Amino acid sequence: MQRNVLEYLDASARRVPDKIAFADDQTSVTFGALSRQAQGLGTWLARHTGAVNVPVAVFIDRTAQSITAMQGVLYAGCCYVPIDNKMPELRIRSILKQVRPKALVYAAADEALAQTLADCCPLCPLEEACAAEPDEALLERCRRRVLDVDPVYILFTSGSTGTPKGIVISHRSVIDFTEWMTAFCGYTGDEVFGNQAPFYFDLSVKDVYQTLKLGATCHIYPRKFFTFPLLLLRAMEADGVTAINWATSAFHLAAASGALAKCPPTTLRTAALGGEALQAKHVNAWRQAAPQLHVINLYGPTEVTVDCTGYHLDRDFADDEPIPLGTACENKEILLLDEQLRPVTPGEPGEICVRGCGLAKGYFGDWDKTRAAFVQNPLRPDYPDLLYRTGDLAVERDGLLYFLSRQDGQIKHMGYRIELGEIEVALHAVEGIDAAVCLYDGSRDRILCIYAGALDSDSLVKAMRRAVPKYMLPNVYHRLERLPYNANGKVDRVKLKEQYLDGAN
């Protein structure tokens, strides 16, 4: 029985040691080299941390080194906490304060940033640690103490209170998901994946663990390629990319850019998409350019280990026709429940609630949020059986789920699940801001900031760039003398929505 995700790398390193596993725009690493370097890092960490099943933070970039760092943490018997190296220092400090990592692994390129955080935790220089001679006996002792219910990673996402939430995912959950996805998508060791999702985003779990399991190859493309889709498509064609596991927004962007007509992806066979509602008109644009392309629609929040439903687009869809979420992944069950957690009848909207071993272990260090989101299954009252409440509404038609909307202030923007409340907390922390509200314009996929205060919008933009990641920055700023308030003394969000969303041209 497999109980550790490292068994994927171990097996591929034995089977195809000289095959390229991951390649970025500067370098590449074979499975054999990846295994050796990660074991060196694991040995260094095991000697310096002296503990297993504890968090180790890892600075993440779009590099093959990032994969080595994550796997090295696992060899030490620890779990990795991927941190975007472009993230503002204040947010990094907030995460490190919460998770209290035993070490922070950083590459030489991030030396300056790492040194500013030396007061938060011990530092581990990646290149030096990877060069350590692997201590096989030490690594085996670490491995034996890790069970499949122990964590692989802790992924931090947006939180409504202004504090990021750390979602804890176990080995068993990743193994289950990886095995299902391989079978569902029909992936083989001949795949060449084209990576789009950053490694601090849970969508990337597909690329990482499909590659490691299958002994496939994954090309990691730089951020700029997704701003200039023609460059991306040319690189994919040159690399012979056969499969993409992308955020839906990236798929849509390429379709809307017109680049597909200039460089049709002739080697691409499979597109597995998730993160936002998939639009049929963009699927049709891809299929017109690449008739051989098979498209798969996937859905799921980070808390259920990447995805919990899947659907093969096995027929044509009209441009304005909704695409189903499909049915539950293997070993997961979807329940549609009303506000009292009672099952709805087919055809009625209900909240998507998920059960199964893919559920996260909870939010790191936050029992209140964990208990609110992971609740007892009301249909199984006689023994513990947890459901994760996604906050997403869906309806079942003809045995398939269709997404409807969100229940709360959480949005999907640029493929990321974001709490508008966290952006508002950051806005109110800026000196010179009296009040601020964020709204989401779903039709244009943009975040609006309406604020009152002495600060001009350019100064506010600069301040926010130091406070939140780029994908959480408002796209439009409106300055008012005073925000409207309702009879309860609260900001009148309804009026603001009418003025800036419903009444917008």
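This is a walk through a predicted model, taking in some helix packing, one helix with two faces, and a few individual residues.

Let's begin with helices that pack together. Two packed helices are described by the angle between their axes and the distance between the axes. For helix H2 (residues 31-49) and helix H3 (residues 64-75), the axes come within 7 Å and cross at roughly 50°. Angles under 35 degrees would count as roughly parallel and those from 65 to 115 as roughly perpendicular, and H2 and H3 are therefore oblique to each other. The crossing of H2 past H3 is right-handed. On the H2 side, the residues that meet H3 are Leu34, Ser35, Gln37, Ala38, Gln39, Leu41, Gly42 and Leu45. Their partners in H3 are Ile67, Thr68, Ala69, Gln71, Gly72, Val73 and Tyr75. Sorted by character, the residues of this contact between H2 and H3 comprise eight nonpolar and seven polar, with no charged ones.

A second pair to look at is helix H1 (residues 6-15) with helix H9 (residues 204-214). Their axes lie 7 Å apart, and the packing angle is about 45°. H1 and H9 are therefore oblique to each other. Here Tyr8, Leu9, Ser12 and Arg15 of H1 meet Tyr209, Leu212, Lys213 and Leu214 of H9. The contact of H1 with H9 is made up of five nonpolar residues, one polar and two charged.

Now turn to helix H16 (residues 457-465), where Leu460, Val461, Ala463 and Met464 are buried. How do these buried residues sit around the axis of H16? Looking down that axis, they fall within an arc of 165°, so they line one face of the helix. A general rule helps in reading such a pattern: an α-helix has 3.6 residues a turn, so residues three or four places apart point the same way. The face of H16 turned away from the buried side carries Asp458, Lys462 and Arg465, which are exposed. What do the buried residues of H16 pack against? Their neighbours are helix H15 (420-428) and the strands E24 (433-441), E25 (446-453) and E26 (476-480).

The loop between E24 and E25 brings us to a backbone detail, for Asp445 lies there. Most residues other than glycine have a negative phi. In Asp445, though, phi is positive, near 50°. Asp445 counts as partly exposed because its relative accessibility is 24%. Asn53 also has a positive phi, of about 55°, although it is not a glycine. Asn53 is in the loop between H2 and strand E3 (55-60), and its 27% relative accessibility makes it partly exposed.

Two buried residues round off the walk. Ser170 belongs to strand E8 (residues 165-170) and counts as buried, since its relative accessibility is 7%. Setting aside residues up to four places away in sequence, Ser170 touches Asp148, Val149, Asp150, Pro151, Val152 and Lys361. Between Ser170 and Gly358 there are 8.3 Å from C-alpha to C-alpha, although they are 188 residues apart in sequence.

Val241 sits in the loop between helix H10 (229-239) and strand E11 (243-247). Its relative accessible area is 1%, so Val241 is buried. Beyond its neighbours within four places in sequence, Val241 is in contact with Val192, Phe193, Gly194, Tyr221, Met236, Thr267 and Leu268. Gln37, met earlier in H2, is 204 residues from Val241 along the chain, and their C-alpha atoms are separated by 26 Å.

Definitions and conventions: Residues are numbered from 1 along each chain as its sequence is written. This is a predicted model: local features need pLDDT of at least 70, side-chain atom pairs count only at pLDDT 80 or more; totals for chains, interfaces and linings use all residues. Side-chain values use heavy atoms; hydrogens and water are left out. Axes are lines fitted to C-alpha atoms, for helices over the stretch in contact, and angles run from 0 to 180 degrees between N-to-C directions. Helices (H or I, at least four residues) and strands (E, at least two) are DSSP runs, numbered from the N terminus. Angles under 35 degrees count as roughly parallel, over 145 as roughly antiparallel, 65 to 115 as roughly perpendicular and the rest as oblique. A crossing is left-handed if the near helix is turned anticlockwise from the far one by less than a right angle, and right-handed if clockwise. Contact means heavy atoms within 4.5 Å. Ala, Val, Leu, Ile, Met, Phe, Trp, Tyr, Cys and Pro count as nonpolar, Asp, Glu, Lys and Arg as charged, and the others, Gly among them, as polar. Buried means under 20% relative accessible area, exposed over 50%, partly exposed in between (1.4 Å probe, protein chains only). The arc is that of the directions from the helix axis to the C-beta atoms.
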